[in-house]
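Work through the exercises below with the sequence and the model open. Each task is followed by a solution in steps.

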Amino acid sequence: FAIHFALLGEYPTAIMQLVGTTRNIVFYFVGKKGYVEKAWAITFAVLMGTLGSVSMFVIGSGEWYAIICIVGLVINSYSMSFVDPNNVRKSILVSSPLVFTYDLLVTSIGGAIYEAIVIVSSIIGLIRFGKEKEKQ
């Protein structure tokens with residue numbers, strides 16, 4: 001997605017996508033317990049917010065609504081530290097609609113489709129695991 005957003009001229013988002021890719025690689029290796037330590041999540045949330053904001057003002061590209069995407073990705077980065085998977089799913093229902101809205105504003109059809117799938121998957125997961133807890 002970094003190349004995709006760069007081609008759309010949304011350089012702050014492209015930079016945040018690169019940070020997100022790095023975050024995912026790091027979280028893969030440090031998250032063997034099923035969750036990521038809060039320190040890692042906070043580090044990447046701050047990095048995402050800082051680089052997104054700085055690049056928005058320094059590079060000068062990206063409109064005011066890039067802030068919507070920045071906030072969504074910061075929330076998403078922090079939520080990876082939640083131990084309970086249902087809390088991660090709930091946080092996705094906050095962060096993904098923000099990114100989905102941003103994708104629509106910048107006409108990123110691929111990004112909007114991806115976020116829509118993430119939102120639907122989170123809702124299905126919450127319903128499915130909610131029913132399993134009721135049976136227990």
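**Exercise 1.** Find where Ile59 lies and classify its exposure.

Solution. Ile59 sits in the loop between H3 and H4; helices are DSSP runs of H or I with at least four residues, numbered from the N terminus. The model is predicted: local features need pLDDT of at least 70, side-chain atom pairs count only at pLDDT 80 or more, and totals for chains, interfaces and linings use all residues. Residues are numbered from 1 along each chain as its sequence is written, and side-chain values use heavy atoms, leaving out hydrogens and water. Buried means under 20% relative accessible area, exposed over 50%, and partly exposed in between (1.4 Å probe, protein chains only). Ile59 is partly exposed because its relative accessibility is 44%.

**Exercise 2.** Compare the span of H2 with the expected one.

Solution. Helix H2 covers residues 11-30, which is 20 residues. The expected span is 1.5 Å times one less than the number of residues. For H2 this is 28 Å, and the helix reaches 28 Å from its first C-alpha to its last.

**Exercise 3.** Which residues of H2 are buried, and against what do they pack?

Solution. Among the buried residues are Pro12, Met16, Arg23 and Phe27. The buried residues of H2 pack against helices H1 (2-7), H3 (38-58), H4 (66-79) and H5 (85-105).

**Exercise 4.** List the contacts of Tyr102.

Solution. Contact means heavy atoms within 4.5 Å. Leaving aside neighbours within four places in sequence, Tyr102 is in contact with Phe5, Glu10, Thr13, Tyr65, Ala66, Ile68 and Cys69.

Note on methods. Helix = DSSP H or I, 4+ residues; strand = E, 2+ residues; numbered from the N terminus.
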